[in-house]
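Student: I have a protein model open in front of me, and I would like to learn how to read it. Could we go through it together?

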Amino acid sequence: MRRTVFLRLWQSPYPDELLSSWIARLSDANFCSVPELCRYLGLDQERPPETQSDLEGVDIDGFCATLRLPPLQLGRMLLQRRADFPVECTSWSDFQHCPACTHKVPGISLRQA
C-alpha cells in the first residue's frame, strides 16, 4: 500500500479552476517546477492533466489523496468537451474570454493552462 505524502504547502482550488491552473499554483507555492510536481504526483507526463484521458494509468485515489482533493471534484476540474469547439487555444495567462478572438473566430474556447 502506498503511503500518502501530502504537499508541504497547500492551497484550495478556486471555484471553476482548471486542474492545470491549480497544479501550476501549487508548484509555485511548493517552490518546484510544474514538471517536478507532476512527477511527484505520479503522472507519466511533465504537464498537468487537462482531460480524463490524461489520467489513464494514474492511481486516482493516491493522486487525489496527495492533493487532498475529493475524486468528484477532480472530474469538475478537467476539460470535458475538447472536440466540441471549432478552435481551442490554451493560454498560460489568466483569462477565459477574449472579445477580439471571439469576434474573429466565433465559438472559440479559451482556457487557462
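Tutor: We will go from the overall fold to the helices, the core and the charged residues. Keep in mind that this is a predicted model.

Student: Let's begin with the fold. How many helices and strands does the protein have?

Tutor: There are 5 helices and 2 strands. Following the sequence, their order is α-α-α-α-β-α-β.

Student: How do I get a feeling for what is inside and what is outside? What percentage of the residues is buried?

Tutor: Of the 113 residues in the protein, 39% are buried. The protein exposes about 7200 Å², and carbon and sulfur atoms supply 55% of that area.

Student: Now a single helix, please. Which residues of helix 1 are buried?

Tutor: A general idea helps here: an α-helix has 3.6 residues a turn, so residues three or four places apart point the same way. In this structure, 10 of the 11 residues of helix 1 are buried, so this helix is largely enclosed by the rest of the structure. The buried ones are Leu19, Ser20, Ser21, Trp22, Ile23, Ala24, Arg25, Leu26, Ser27 and Ala29. After helix 1 comes phenylalanine 31, which has a positive phi, near 55°.

Student: And helix 3? What covers its buried residues?

Tutor: The buried residues there are Gly62, Phe63, Cys64, Thr66 and Leu67. Their cover includes helix 1, helix 2 and helix 4, the last spanning 71–76. Helix 3 is followed by arginine 68, where phi is again given as positive, near 55°.

Student: I keep hearing about a nonpolar core. How many residues does the largest one have?

Tutor: In general, nonpolar side chains in soluble globular proteins tend to be buried together. Here the largest nonpolar core has 19 residues, and Leu19, Phe63 and Leu74 have the most contacts inside it. Helix 1 (19–29), helix 2 (34–40) and helix 3 (60–67) each supply at least two of the core's residues. The largest share, 5 residues, comes from helix 1.

Student: Which residues does leucine 74 touch?

Tutor: Leaving out residues up to four places away in sequence, leucine 74 touches Leu19, Leu55, Ile60, Phe63, Cys64 and Leu69. For the whole protein, take contacts between residues at least 6 apart in sequence: 41% of them join residues at least 24 apart.

Student: On to the charges. How many salt bridges are there?

Tutor: The count is 3. To read one, look for the partners, then for the gap between N and O, then for how covered each partner is. Arginine 25 pairs with glutamate 17, with the closest N and O atoms 2.9 Å apart, and both arginine 25 and glutamate 17 are buried. Arginine 39 meets glutamate 46 at 2.6 Å, N to O. Arginine 39 counts as partly exposed because its relative accessibility is 46%.

Student: What about aspartate 54: buried or exposed?

Tutor: Aspartate 54 is buried, because its relative accessibility is 18%, below the cut-off of 20%. Its salt-bridge partner is arginine 47, with the closest N and O atoms 3.4 Å apart. Arginine 47, at 40% relative accessibility, counts as partly exposed.

Student: Finally, the rings. Which ring does the charged end of arginine 25 sit over?

Tutor: The ring of tyrosine 14, with the charged end 3.9 Å from the ring's centre. Arginine 25 thus appears twice in our tour, since it also forms the salt bridge with glutamate 17. As for rings paired with each other, the count of aromatic pairs is 0.

How values were computed
Residues are numbered from 1 along each chain as its sequence is written. This is a predicted model: local features need pLDDT of at least 70, side-chain atom pairs count only at pLDDT 80 or more; totals for chains, interfaces and linings use all residues. Side-chain values use heavy atoms; hydrogens and water are left out. A nonpolar core is a set of buried Ala, Val, Leu, Ile, Met, Phe, Trp, Tyr and Cys residues joined through side-chain atoms within 4.5 Å. Buried means under 20% relative accessible area, exposed over 50%, partly exposed in between (1.4 Å probe, protein chains only). Helices (H or I, at least four residues) and strands (E, at least two) are DSSP runs, numbered from the N terminus. Contact means heavy atoms within 4.5 Å. Rings of Phe, Tyr and Trp (its six-membered ring) pair if their centres lie within 6.5 Å; planes under 30 degrees apart count as stacked, over 60 as edge-to-face and the rest as tilted. A charge sits over a ring if NZ of Lys or CZ of Arg is within 6 Å of the ring centre and within 35 degrees of the ring normal. Accessible areas come from the Shrake-Rupley method with a 1.4 Å probe; for residues, only the protein chains shown count as cover. A salt bridge is a side-chain nitrogen of Lys or Arg within 4 Å of a carboxyl oxygen of Asp or Glu.
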